[in-house]
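Visitor: Hi, could you walk me through this structure?
Guide: Sure, let's put it up and take a look.

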Amino acid sequence: MNLFTGPVFDMAAEQFALVADHLSIPEDERPRLLLPKRAIAVSVPIHRDDGRTHVFQGYRVQHHLTLGPTKGGTRFSADLDIGEVAALAIWMSWKCALAGLPYGGAKGGVACDPLSLSRRELEAVSRRYMQEMIPFVGPQIDVMAPDMGTNEQTMAWFMDTYSMYQGHAVAEIVTGKPVAVGGTLGRSEATGRGVAFLIGEALTCCQLVANQCTAIVQGFGNVGRSTALILRQEMGVRVTGVSDHTAAFYDPKGLPINQMAAYVAKTGVLKGWSSEAETDPATFLTLPCDVLVPAAVERVITGENAGQLKCRILAEGANGPTTPDADRLLDQRRNEIFVVPDILCNSGGVIVSYFEWVQDLQRLFWTEQEVRDRLQTILKSTFNAVIGRAQKESVSHRVAATAIGIERVRMGKQWRGLFP
Ligand code: NAD
């Protein structure tokens, strides 16, 4: 019986099979590349504020340790399951290899709704989850980072919990932590900055000019909010739509992203920001725009709506926003829609996480400008490699990006051989 099931895992497996066919990888080699090395499930008991004891389910999946420690985010979300976590770990592997980082992929999280927990309860979940993971993680084994539902505060609690057990501060156990405890400058906005930079590269390929373009962003958390802010403030893009899980807003004249970000900083959600610009979330992604940025959850661009997208560029800030059915339709629309696939588009986060880990190991910290310059250098060459490969082999950008990632992992495994 396969432990890893569910629509998100099936999606990662189907994408892998497509690329493995393209690369003519023999059948008997495929499970070793696809299946995770380790999967850990833990119980996370806490005292609720009302005195009851509640047990949450926690997971961590480490996909491969061939090229270095594993690296990946921690997701707090109500319906998290191990199939989804495994899929996200697999995508992290191809993403890290594509960017040339010395990591395998990992992912983890707790099946809980962070918005329904008090701050004290969230801290209890975070600390107990990390405590349960101590035998399986370490700066040279597996390094966690934030993802949906977690943030720099969660990482600070993780770092403190791990450090208390070691008896000294171990900043390099997590990335995405506050600068005050060994985080790097530029990490909190890194994913959004990377998405915005790659949108800039894609605009150039499509011969479009940023300040004459519009963008719609789904998700207004870490990735969506910073992407929208950088597009608007630094690139002059008119952001006509933003949404979160509570509301969607659209104004063809452009939305005041700054004000909306300030509103969300106060209230936590977009709901209630305005009644005039509110729009139907069901048709939000098919509204007209030059750049569409899904930056929330998986599987939002499907066989149903991919044919109706009215964007010129699809920049995937989220992990796995596009299903294989949608990919087939987007493939037919290759001349109309320029796709920046997730493992390239949102790789700014893990690239700057890598910078943070390197700085922590060396106890030598960089300026924000150094972080930004190094990020852009990697993103630019990775973008060019993906576009060049796609053109050369007449494949989609997603197949090209995944092929580069898989090839690098495969090469590592071939050189190292099979132990014992
Ligand atoms: P977050 O928790 O900070 O924000 C998530 C946002 O999505 C929130 O605004 C939430 O309201 C919204 N959302 C949730 N469900 C939605 C729905 N059905 N429709 C519309 N909006 C919805 O999470 P994040 O860190 O910004 O992550 C977003 C995506 O980006 C995830 O797929 C994550 O895996 C990916 N990602 C994050 C990072 C990172 O550095 N944080 C790096 C790479 C990829």
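Guide: Here we go through the sheet, one loop residue and some aromatic rings.
Guide: The model is predicted, so local features need pLDDT of at least 70 and side-chain atom pairs count only at pLDDT 80 or more, while totals for chains, interfaces and linings use all residues. Residues are numbered from 1 along each chain as its sequence is written, and side-chain values use heavy atoms, leaving out hydrogens and water.

Visitor: In what order do the strands of the open sheet come?
Guide: The order is β1-β2-β4-β3-β5, with mixed pairing. Strands are DSSP runs of E, at least two residues, numbered from the N terminus, and two of them pair if DSSP finds at least two bridges between them.

Visitor: And which are the edge strands?
Guide: β1 (38-47) and β5 (142-146), each pairing on one side only.

Visitor: Where is S77, and is it buried or exposed?
Guide: S77 is in the loop between β3 and α3. S77 is buried, at 11% relative accessible area; buried means under 20%, exposed over 50%, partly exposed in between, using a 1.4 Å probe and protein chains only.

Visitor: New topic: how many aromatic pairs are there?
Guide: Ten in the whole structure. Phe, Tyr and Trp rings (six-membered ring for Trp) pair if their centres lie within 6.5 Å; planes under 30 degrees apart are stacked, over 60 edge-to-face, the rest tilted. One of them is the tilted pair F355 and W366, 5.2 Å centre to centre with 50° between the planes.

Visitor: Which residues are in the cluster?
Guide: Ring pairs link Y103, Y354, F355, W357 and W366.

Conventions. Helix = DSSP H or I, 4+ residues; strand = E, 2+ residues; numbered from the N terminus.
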